[in-house]
Amino acid sequence: MEKFTRLAGVAAAFPKANIDTDAIIPAQWLRSLSTDLGKGLFGGSRYDPEGKENPDFILNRAPYRDAKIIVAGPNFACGSSREGAVWALQRFGIRCVIAPGFSDIFFENAFKNGLLPVILPERDVQELLGFLETTNDPALTVDLERCVIETPQGRAISFTIPAARRTALLEGLDEIGQTLRHEPEIAAFQARDREARPWIHRRERGLVAKARG
């Protein structure tokens with residue numbers, strides 16, 4: 001998993017509340033493993049019925065074609081549990097979504113795939129949305145080491161995320177990687193347990209053995 005330390009880039013405003021996962025990645029884009037999910041991101045709004053780009057859609061306009069951050073309304077990514085919503089955002093180039101709240105499943109899926117979901121109070125999100133609507137430089141910096149979001153004008157907004165999630169993103173560790181950090185402790189436990197209960201163990205059986213294989 002790619003490390004996330006400090007992200008600076010174009011931010012796109014999606015102020016609408018309750019944007020669901022079907023809007024983020026419509027089901028027809030999930031029918032083949034070879035599909036470029038980045039092209040399908042917001043496919044229902046991004047393209048017309050003939051498949052041509054909708055010029056009014058934000059991600060079809062400069063500079064937002066290169067957006068790395070989304071600032072969204074409440075309850076972002078509600079609806080179904082499809083993990084493809086996270087994959088589509090990442091494939092397009094989005095690495096951080098800022099919102100007053102997320103659906104629980106999307107929130108967890110985001111962390112597991114290296115996308116940073118930042119929850120801010122509604123007033124702070126509205127401030128960022130207002131900034132993006134009026135500025136000629138729609139850029140933000142998300143510093144995970146300091147847990148701060150900064151505008152080009154120097155406005156800094158602090159955020160918090162669970163410590164374990166922050167560490168995993170900073171070090172680029174998925175859940176398997178996080179588990180393998182404890183390989184010595186796991187091996188020591190297995191050795192003790194093999195001595196205490198040899199009848200339940202086979203040779204090289206257990207979590208560490210599987211990981212080595």
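A residue counts as buried when its relative accessible area is under 20%, as exposed when that area is over 50%, and as partly exposed in between. With that scale in hand, the reader can approach this structure, which is a predicted model, by way of a few residues whose backbone or surroundings stand out.

Phe-42 is a good place to begin. Its relative accessibility is 4%, and because buried means under 20%, Phe-42 counts as buried. This phenylalanine lies in the loop between α2, which spans residues 37-40, and α3. Its backbone deserves attention as well, since Phe-42 has a positive phi of about 55° although it is not a glycine.

A second residue shares that kind of backbone description. Asn-18, which is not a glycine either, has a positive phi of about 60°, and its place is in the loop that runs between β1 (6-14) and α1 (21-24). Is Asn-18 buried, partly exposed or exposed? With a relative accessible area of 44%, Asn-18 is partly exposed, because that value falls between the 20% and 50% limits.

Another backbone feature concerns a proline. The peptide bond that leads from Ala-62 to Pro-63 is cis, with omega near 0°, and Pro-63 is placed in the loop between α3 (43-46) and β2 (69-72).

The aromatic rings come next. The model holds 9 aromatic pairs when ring centres within 6.5 Å are taken as paired. One of these pairs joins Phe-14 and Phe-57, whose rings meet edge-to-face, at 6.0 Å centre to centre and with 65° between the planes. Phe-14 belongs to strand β1 whereas Phe-57 sits in the loop between α3 and β2, so this pair ties together parts that are 43 residues apart in sequence. Phe-14 counts as buried at 7% relative accessibility, and Phe-57 is buried too, with a relative accessible area of 12%. Phe-57 also forms an aromatic pair with Phe-42, and here the arrangement is tilted, with 5.9 Å from centre to centre and 50° between the planes. This pair again links distant parts of the chain, with Phe-42 in the loop between α2 and α3 and Phe-57 in the loop between α3 and β2, 15 residues apart. Elsewhere, Phe-76, Phe-102, Phe-106, Phe-107 and Phe-111 form one aromatic cluster.

Phe-111 from that cluster leads on to an arginine, for it is among the residues that Arg-165 touches. Arg-165 is found in helix α7, made up of residues 163-171, and it counts as buried at 18% relative accessibility. Leaving aside residues up to four places away in sequence, Arg-165 touches Glu-108, Lys-112 and Glu-175 in addition to Phe-111.

What is the setting of another arginine, Arg-95? It lies in the loop between α4 (84-92) and β3 (96-99), and at 17% relative accessibility Arg-95 counts as buried. A polar atom of the Arg-95 side chain lies 3.1 Å from the backbone oxygen of Gly-114. Beyond residues up to four places away in sequence, Arg-95 touches Glu-2, Lys-3, Phe-4 and Leu-7, together with Lys-68, Gly-114, Leu-115 and Leu-116.

Note on methods
Residues are numbered from 1 along each chain as its sequence is written. This is a predicted model: local features need pLDDT of at least 70, side-chain atom pairs count only at pLDDT 80 or more; totals for chains, interfaces and linings use all residues. Side-chain values use heavy atoms; hydrogens and water are left out. Helices (H or I, at least four residues) and strands (E, at least two) are DSSP runs, numbered from the N terminus. Buried means under 20% relative accessible area, exposed over 50%, partly exposed in between (1.4 Å probe, protein chains only). Contact means heavy atoms within 4.5 Å. A polar contact is a pair of N or O atoms within 3.5 Å; within protein, one must be able to donate a hydrogen and the other to accept it, and residues adjacent in sequence count only if both atoms are side-chain atoms. Rings of Phe, Tyr and Trp (its six-membered ring) pair if their centres lie within 6.5 Å; planes under 30 degrees apart count as stacked, over 60 as edge-to-face and the rest as tilted.
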